[in-house]
Amino acid sequence: MRHFARSNEIQRRLHEVVPGGAHTYARGPDQYPEAMAPILVRGSGCHVWDCDGNEYVEYGMGLRSVTLGHGYPPVVRAAARAVADGMNFSRPTELELLAAEDFLALVPGADMVKFAKNGSDATTAAVRLARAVTGREAVAICDQPFFSVDDWFIGTTAMKAGIPTANSTLRFRYNELDSLAAVLDSQRVACVIMEAATALAEPDPGYLEGVRALCDRHGALLVFDEMITGFRWSSGGAQQVYGVTPDLSCWGKAMGNGFPISALAGKREHMELGGLRTERDRVFLMSTTHGPETGSLAAFRAVVRAYADTDPITRMEHAGRRLADGVNKVAAELGITEHLQVIGRPSCLIFTTRDLDGRPSQPFRTLFLQELLERGVLGQSFVTSAAHGEAAIDHTIDACAEAAEVYRRALDQGGVDGLLRGRPVAPALRRKATPRYIDPTEPPL
C-alpha cells in the first residue's frame with residue numbers, strides 16, 4: 001500500500017493558507033480519495049512524482065494544458081532563453097509580433113489576436129467585445145461544463161454566492177438548433193458562446209453550420225471556446241476540423257504546454273474596437289501586465305514548431321485508442337461494461353462509473369480512483385498526451401485490470417462498503433462544502 005504521509009501534511013498546511021487547499025477547484029483534495037491526494041514535486045513526459053516518493057503515470061495532464069509532455073525540452077529551452085533576456089518590459093517586444101503571426105497562420109479565420117494568461121480572461125473579453133459590437137447585453141451559452149470564473153457565467157452555476165445581481169445569461173442545448181433558435185427569438189443576444197465539440201459530443205451533420213446561420217440571422221456574434229479543442233482536436237482548433245468560422249474564438253491550455261498563456265482571436269472589424277484604429281467608442285478589451293511576458297510567448301512558439309514537426313495529435317490519439325480499447329476489453333471480460341467504461345474522443349477520454357443499478361456513482365468513481373492510485377496511475381480522466389508511450393499505456397491497462405477486479409467485487413456485494421477507505425469524491429462546482437452526489441462523468445474544470 002502506498003503512503004501519503006507527507007502529502008497529507010502539506011495538504012493540511014495548504015488548507016490553512018489557501019482557501020480550499022488548492023488554487024484550482026478541480027485540483028482540490030475533495031476530487032481525490034480521502035487522504036490519497038498526492039502533492040506533486042516534479043514531472044517528466046507522462047510521469048509525475050509526489051513528495052512521498054510515489055511515481056505515477058499521469059492523465060489529465062495539467063487539466064488538459066500539457067499535450068507534449070511535462071518538461072518538454074524544446075519548449076523549456078525556448079522559454080529559458082527568452083526569460084534570460086528579461087520577462088516583462090514597458091513596451092512591446094518583437095516576440096509579440098512573431099507569436100501573433102504564428103498564431104494567425106494556424107487560425108486563418110482570425111485576423112487579429114491578443115494574448116493573456118487565463119481562459120477566463122479571453123472568454124470574458126469576448127463577451128464584452130460582443131456586447132460593444134451589438135449594443136446588446138444578453139449572452140447565450142451552450143449547456144456545457146465551464147466557460148469563465150467571471151460573473152456572467154458563474155452566476156449560472158451552483159457556486160453563485162458573491163455575484164451581486166442576476167445576469168442575463170441564457171442556456172441552450174448542444175446539437176439542438178431549435179433550443180438555440182428559441183433563445184435567440186426570446187431576447188436580443190449579443191453573442192452565442194460554445195465549445196464546437198466536447199469529449200463526449202461531436203456536432204451532428206449541419207449543426208455548427210446551423211448555429212452560424214442563426215447567429216447571422218439574429219445579428220449575434222458566434223464565439224467558439226477552443227480552450228480544450230485547440231491543440232487537442234487540431235492545432236487550428238475545432239473550427240479547422242469542422243470548417244465553421246466563428247466571429248471570435250478563445251484559446252488557452254495546450255497553447256503553452258503548461259506555460260500560462262491564453263488568447264482572444266477574431267475578425268478585424270470587431271477586434272479593432274479594442275485598439276487605436278477605430279472611430280467608435282473603444283472597448284477595454286484585454287490589458288494585462290503579464291499577457292505579453294516573454295517566457296510564455298516563446299513557449300507558445302516552440303509548441304507551434306513541435307506541432308509542425310512531430311504530429312503530437314496523432315500520437316495522443318493513438319495512445320487514447322489503445323487505452324480505451326484495453327480498458328473496455330477488461331470490463332467486457334469481467335461483465336461490467338454497463339458499469340465501468342472509457343468513452344470520448346481518443347485524445348480526451350473520460351471513464352464512467354456506475355453502480356449496481358446503472359446510475360452514475362461518486363462512491364464507485366472514488367473506489368476506481370483509489371485502486372488506480374495504489375497502482376501508480378493518477379488522473380480524474382484518461383486525457384492523454386503525446387508523451388504517453390506504449391509502456392505507459394500497458395502499465396495503465398494492467399492497473400485498470402486489477403482495479404476493475406475490485407470494482408466487480410463491489411458490484412457483487414452491492415456497494416463499496418469495506419472496499420472504499422474514505423469519503424467519496426465530490427463535484428468541483430457545488431453550493432455547499434459538504435459533498436452531494438451528481439453525475440461524475442462531467443469533465444473537470
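How many residues of domain 1 are in contact with how many residues of domain 2? In this predicted model, 17 residues of domain 1 are in contact with 17 residues of domain 2. Domain 1 is made of two stretches of the chain, 5-66 and 312-413, whereas domain 2 spans 73-309. The C-alpha centres of the two domains lie 29 Å apart, and the area buried between domain 1 and domain 2 is about 1500 Å², with carbon and sulfur atoms giving 61% of that area. On the side of domain 1, Arg64, Ile313 and Arg345 supply 38% of the area buried against domain 2, more than any other three residues.

As to confidence, the mean pLDDT of the protein is 95, and 97% of the residues reach 70 or more. Residues 436-445 stay under 50 in pLDDT, and for this segment the model has 29 contacts beyond four places in sequence.

The nonpolar interior can be described next. The largest nonpolar core has 37 residues, and Ile336, Phe368, Leu372 and Phe382 are those with the most contacts inside it. At least two residues of this core come from each of helix 12 (312-334), strand 11 (340-345), strand 12 (348-353), helix 13 and helix 14 (390-413), with helix 14 giving the largest share, 11 residues. Apart from neighbours within four places in sequence, leucine 372 is in contact with Val377, Phe382, Ala399, Cys400 and Ala403. A second, separate core has 33 residues, among them Ala79, Ala302, Val304 and Met316. In soluble globular proteins, nonpolar side chains tend to be buried together.

Two polar residues, one in helix 13 and one in helix 9, are set side by side below.

| Residue | Helix | Relative accessible area | Contacts beyond four places in sequence |
|---|---|---|---|
| Glutamate 374 | helix 13 (residues 362-374) | 17% | Met1, Arg2, Met36, Arg421 |
| Glutamine 240 | helix 9 (residues 237-242) | 47% | Leu106, Ser234, Ser235 |

Glutamate 374 counts as buried because its relative accessible area of 17% falls under the cut-off of 20%. Glutamine 240, by contrast, is partly exposed, since its relative accessible area is 47%, a value between the limits of 20% and 50%. Glutamine 240 and glycine 230 are separated by 10 residues in sequence, and their C-alpha atoms are 9.5 Å apart in space.

An open sheet of 4 strands, with the order 1-2-3-13 and mixed pairing, has strand 1 (40-44) and strand 13 (377-378) as its edge strands, each of which pairs on one side only. Strand 1 pairs with strand 2 (residues 47-50) in the antiparallel sense, over 4 bridges. Within this pairing, leucine 40 stands opposite aspartate 50, and serine 44 stands opposite histidine 47. The hairpin formed by strand 1 and strand 2 has 2 residues between the strands, and glycine 45 there takes a positive phi near 65 degrees.

Definitions and conventions. Residues are numbered from 1 along each chain as its sequence is written. This is a predicted model: local features need pLDDT of at least 70, side-chain atom pairs count only at pLDDT 80 or more; totals for chains, interfaces and linings use all residues. Side-chain values use heavy atoms; hydrogens and water are left out. pLDDT is the predictor's confidence in each residue, from 0 to 100. Contact means heavy atoms within 4.5 Å. Buried means under 20% relative accessible area, exposed over 50%, partly exposed in between (1.4 Å probe, protein chains only). A nonpolar core is a set of buried Ala, Val, Leu, Ile, Met, Phe, Trp, Tyr and Cys residues joined through side-chain atoms within 4.5 Å. Two strands pair if DSSP finds at least two bridges between them. Domain bounds come from an automatic or database domain assignment. Buried area is the accessible area (1.4 Å probe) that two parts lose on being put together, summed over both.
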